[in-house]
Amino acid sequence: MFATSTQKNHWIFSDEETLIRIREATNKAYVDQFRPPEDVGDFFLSATEERTLLHFYEYQLKEFCVKFQPTMNKAVIGTAFSYFKRFFLYNSVMDYHPKEILVTCVYLACKIEEFNVTIAQFVANVKGDREKAQEIILNNELLLMSAVKFHLTVHNPYRPVEGFLIDLKTRHPVLEAENLRPFIDEFLDKVLMTDVPLIYAPSQIALASVLEAARKCREHLDVYVTSILITDEEMLQSVVDAIRTIRLMVRVKNYDPPQP
Amino acid sequence: MGFIQLRLDSVTMDDNLACPRCKTTKYRNPSLKLLVNTCGHALCDNCYLFWRVSGLWDPTPSLRLPSPTLEDPAVEKEVDIRRRVLRDYSKQEADFPSLREYNDYLEQVETIIFNLANNIDIIETNKLIEQYKKENKEQITKSRTRKPTQILLLEAIIEEENRRSELRHMESLHSAKEEKIRKQKNHEALIDDLMFLESDAKAIVESHKATQAHQQVEASEIKPLPSQLGISSLSSSAPQPAYQQATTFTSGIGFGGSASFLPLPKGLGEVPLFVYKAFLLEIGGPPPPSLEQLKYPSSGKEGHLQHIRPATEAEIAGGYHHAIACRRALQDAFMDIAMQPKLLKSRSIQNESESESTTKEEVEMDTS
């Protein structure tokens, strides 16, 4: 369960600034090991440049997962994204090629989420040299696991979403809950591209997605949240804060793939 | 019916050889046996069967097809002929008054065989054979029953060997039995002595050991068997250890008083007893309904279960109920919904510094 999980204990951070700081620290550590003279200037990537690069590769990751045969379930995609984000939090893009890490993340996610794919089936989805890809994946697997500190269980927001839909249907039947589904899916896809999973709990992300979908359907769920779902005042305040921030982060994020 | 002439490509039983009838099968089965007919032609097993069944050729009544052990069918043929002829022409040396006549007889036999094997004057040779048979009819019948001397010799040798091995066996059994009895006696003697004699127990044991060893040496000297076949190895079993009186338990503790045990150390200190503390889960959100509430809803919370896929009979038999899945979904939805990431701040900085050092380690490992 999330409350007792390693995800909550090790991979949830306070806010975006913390994440930025961590990434800068990683970048600096990498550059420092070469002890470069001051006038190197543009040779190394800065933290922001790394971020842009990673954004591009996250987009590639998304495409890879969507086009994967046989069709992947969403939990696998969510887990793969989490691994990817966690890996490049503490490792530099300059050190490990994101493309290699990308496929390794997906492969490991398939294993963990019990989505059975043999390595042969897997590399069939990879374009280019299959043998080499297989080698790369298998060699990087252990590296990835250790970079994630072997915290392999990832709690994704998909089950909480189902929980909310059940609850809505039971306690707030005014709303046609099933209509919300496509919008929820859209929102969660966007969430994957942001840093939200590193900051908020999956239940909060799920609730945010439900509320956002309701807004798109021009429904009002405030009644549900305030009166039916949560009855405690303080709790309500923190929930509302969280939801608001999540929705903001998702809205603000630029989703066009950056041009190479 | 006439013979069907068959061609043989070559005569040796290697890969070139083909059964003349079904030419192809030799490729498939290099170990295919070719059976040789009396006419000197070879047939593979299947073709022989066909031949028998179809009856196309003149089936020679005396056709025997022993497994051909010789590669050359010509030789095979000759051997067959020889055997047949010699069954009839079976006079021994003793039957002739002189050596010369015996040799003449043998020459006669060889000529006949040669002629038959090479298809020379077959008709006349056969006539000769018939004539000879008629003349020596009684002799032939007598000798047919009598086994030829060579076979007799062999049989005698085999019998001799069997007898010897059986004798050996009996002797070994006998000696083993004796050994057993002897040991038993010694054992009993030792016990008797220990009980009744007044001298030191150790000395008795020693003396018994000595006598035992002596006896064993004697026994092995007697061992060379009457059959003189060097079977002395039978007696070379390892000398059994003499009977030893037990003085300790197998764990090493001696018989005798319990004074050797240490007393339990007192005053180790009172260790606090284990107290059970129930596991407390902090939900961090509104409480999700429990299993009972889901299964048996009060009026307010009716029917969470109706929105989840019901469990099939097989699943219920296996212990699953859809209330479990429902509760799980709701639990995950409500848990930590009121979590405030900022409150975790202190921990995340700690993580940060920890992970920085690990990153450095990782990086160093890679570059080293």
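Helices here are DSSP runs of at least four residues, numbered from the N terminus. With that in hand, welcome to a short tour of a predicted model, one close-up at a time.

**View 1. Asn186(B) sits inside a helix and meets residues from elsewhere in its chain.** Start with helix H7 of chain B, which covers residues 149–196 and holds Asn186(B). Is Asn186(B) buried or exposed? With a relative accessible area of 14%, Asn186(B) is buried, because anything under 20% counts that way. Setting aside neighbours within four places in sequence, Asn186(B) is in contact with His208(B), Gln212(B) and Gln215(B).

**View 2. A nonpolar patch lies on the surface of chain B.** Stay with helix H7 of chain B, where you will also find Ile191(B). Together with Met195(B) and Phe196(B), Ile191(B) makes a nonpolar surface patch of about 340 Å². Ile191(B) has a relative accessibility of 33%, so this residue counts as partly exposed.

**View 3. Glu130(B) and Asp88(B) are a pair to find in chain B.** Look for Glu130(B) in helix H5, which runs over residues 122–135 of chain B. Glu130(B) is partly exposed, at 44% relative accessible area. Now find Asp88(B): along the chain, Glu130(B) and Asp88(B) are 42 residues apart, while 9.9 Å separates their C-alpha atoms.

**View 4. Two residues that are not glycine have a positive phi.** In chain A, Phe150(A) has a phi of about 60°. Phe150(A) belongs to the loop that links helix H7 (130–147) to helix H8 (158–171). For Asp336(B), phi is near 60°. The home of Asp336(B) is a loop in chain B, between helix H11 (322–334) and helix H12 (345–367). What is the relative accessible area of each residue? For Phe150(A) the value is 48%, which makes that residue partly exposed, whereas Asp336(B) is buried at 4%.

**View 5. A cis peptide bond leads into Pro70(A).** Between Gln69(A) and Pro70(A), the peptide bond is cis, and its omega is near -5°. Pro70(A) is part of the loop between helix H3 (47–66) and helix H4 (74–90) in chain A.

**View 6. Nonpolar side chains gather in a core.** In soluble globular proteins, nonpolar side chains tend to be buried together. The largest nonpolar core in this model has 97 residues. Which members touch the most others? They are Met72(A), Phe84(A), Val106(A), Phe122(A) and Phe164(A). Helix H4(A) gives this core its largest share, 10 residues. A second core is separate and has 14 residues, among them Ile112(B), Ile113(B), Ala117(B) and Ile140(B).

**View 7. Cys65(A) and Cys110(A) stay unbonded.** A disulfide is a covalent bond between the sulfur atoms of two cysteines. How many disulfides does the structure hold? Over all chains, the number is zero. Take Cys65(A), whose closest cysteine sulfur belongs to Cys110(A). Why is there no bond between these two? Their sulfurs are 7.7 Å apart, too far for a bond, because a disulfide needs the two sulfur atoms within 2.5 Å. Looking back from Cys110(A), the closest cysteine sulfur is that of Cys65(A). Cys65(A) is buried at 2% relative accessibility, and Cys110(A) is buried too, with a relative accessible area of 2%.

Conventions:
Residues numbered from 1 in each chain as written. Chains lettered and ligands numbered in written order. Predicted model: local features only at pLDDT ≥ 70, side-chain atom pairs only at ≥ 80, totals over all residues. Heavy atoms only, no water. Helix = DSSP H or I, 4+ residues; strand = E, 2+ residues; numbered from the N terminus. Buried < 20%, exposed > 50% of the residue type's maximum accessible area, 1.4 Å probe, protein only. Contact = heavy atoms within 4.5 Å. Patch = residues over 30% accessible without salt bridge, like charges linked within 9 Å, V, L, I, M, F, W, Y side chains within 5 Å. Areas by Shrake-Rupley, 256 points an atom, 1.4 Å probe, with all protein chains shown as cover. Salt bridge = Lys/Arg side-chain N within 4 Å of Asp/Glu carboxyl O. Core = buried A, V, L, I, M, F, W, Y, C linked by side-chain atoms within 4.5 Å.
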